[in-house]
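Reader: I should like to learn how to read the features of a structure, beginning with a single helix. May we look at it together?

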Amino acid sequence: MIDLSSFEQIDDDCLSRIIGASCGDNIRYYRESEGMTQRQLAKQLFVSQQTIHKWEHDINEPSLGVIRRMKEIFHKTADDIID
């Protein structure tokens with residue numbers, strides 16, 4: 001198990017990459033950081049709540065067009081979202 005106490009000076013975005021977060025993990029993290037529900041994000045992206053669920057559980061991946069909209073919503077780069 002990784003002792004995360006040594007990472008106190010690293011921000012959450014950086015830490016998620018260190019521990020190998022997936023695209024779905026990142027979508028969930030950024031959505032929750034914005035205080036949004038899956039339903040709220042789905043409405044902004046013009047998709048269903050079930051689609052958000054599938055992305056967050058790495059069942060499916062969002063299209064490039066959706067990732068572009070997520071960049072605006074989350075104020076992140078595409079790399080932040082997909083890596």
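Author: Let us begin with helix α3 in this predicted model. Within α3, the residues Q38, L41, A42 and L45 are buried.

Reader: Why are these buried residues said to be on the same side of α3?

Author: They are on the same side because the arc they cover around the axis is only 105 degrees. On the other side of α3, R39 and K43 are exposed.

Reader: What covers the buried residues of α3?

Author: The cover includes α2, α4 and α5.

Reader: Where does Q38 lie, and why does Q38 count as buried?

Author: Q38 lies in helix α3, which spans residues 38-45. Buried means under 20% relative accessible area. Q38 has a relative accessibility of 15%, and therefore counts as buried.

Reader: Which residues is Q38 in contact with, leaving aside its neighbours within four places in sequence?

Author: With those neighbours left aside, Q38 is in contact with R31, Q49, I52, H53 and E56. With Q49 there is also a polar contact, in which the side chains of Q38 and Q49 are paired at 2.3 Å.

Reader: What does L45 touch, not counting residues up to four places away in sequence?

Author: On that count, L45 touches I52, W55, V66, R69, M70 and I73. Just after α3 comes F46, which takes a positive phi of about 60 degrees.

Reader: How should one approach the nonpolar residues in general?

Author: In soluble globular proteins, nonpolar side chains tend to be buried together. In this structure, the largest nonpolar core has 15 residues, of which I27, L41, L45, W55, M70, F74 and I81 touch the most other members. At least two residues of this core are supplied by each of α2 (23-33), α3, α4 (49-56) and α5 (64-74).

Reader: Which helix gives the largest share of this core?

Author: The largest share comes from α5, with five residues.

Reader: How does one describe aromatic rings that pair?

Author: A pair of aromatic rings is described by the distance of the centres and the angle of the planes. This structure holds two aromatic pairs. One of them joins Y29 and Y30, with 5.5 Å centre to centre and 70 degrees between the planes, an edge-to-face arrangement.

Reader: Are Y29 and Y30 buried or partly exposed?

Author: Y29 has a relative accessible area of 30% and is partly exposed, whereas Y30, at 3% relative accessibility, counts as buried. Y30 also forms an aromatic pair with F74, which is tilted, with 5.9 Å centre to centre and 40 degrees between the planes.

Reader: Where in the chain are Y30 and F74?

Author: Y30 is in helix α2 and F74 is in helix α5, 44 residues apart, and the pair thus links distant parts of the chain. F74 counts as buried, at 2% relative accessibility. Together, Y29, Y30 and F74 form one aromatic cluster.

Reader: How many helices and strands has the protein?

Author: There are six helices and zero strands, and the pattern read along the sequence is α-α-α-α-α-α. Of the 83 residues in the protein, buried residues make up 33%.

Reader: What share of the contacts with a separation of 6 or more comes from residues 24 or more positions apart?

Author: Such residues account for 48% of those contacts in the protein.

Reader: How is the accessible surface made up?

Author: The accessible surface of the protein comes to about 5500 Å², and 50% of this surface belongs to carbon and sulfur atoms.

Notes:
Residues are numbered from 1 along each chain as its sequence is written. This is a predicted model: local features need pLDDT of at least 70, side-chain atom pairs count only at pLDDT 80 or more; totals for chains, interfaces and linings use all residues. Side-chain values use heavy atoms; hydrogens and water are left out. Helices (H or I, at least four residues) and strands (E, at least two) are DSSP runs, numbered from the N terminus. Buried means under 20% relative accessible area, exposed over 50%, partly exposed in between (1.4 Å probe, protein chains only). A polar contact is a pair of N or O atoms within 3.5 Å; within protein, one must be able to donate a hydrogen and the other to accept it, and residues adjacent in sequence count only if both atoms are side-chain atoms. Contact means heavy atoms within 4.5 Å. A nonpolar core is a set of buried Ala, Val, Leu, Ile, Met, Phe, Trp, Tyr and Cys residues joined through side-chain atoms within 4.5 Å. Rings of Phe, Tyr and Trp (its six-membered ring) pair if their centres lie within 6.5 Å; planes under 30 degrees apart count as stacked, over 60 as edge-to-face and the rest as tilted. The arc is that of the directions from the helix axis to the C-beta atoms. Accessible areas come from the Shrake-Rupley method with a 1.4 Å probe; for residues, only the protein chains shown count as cover.
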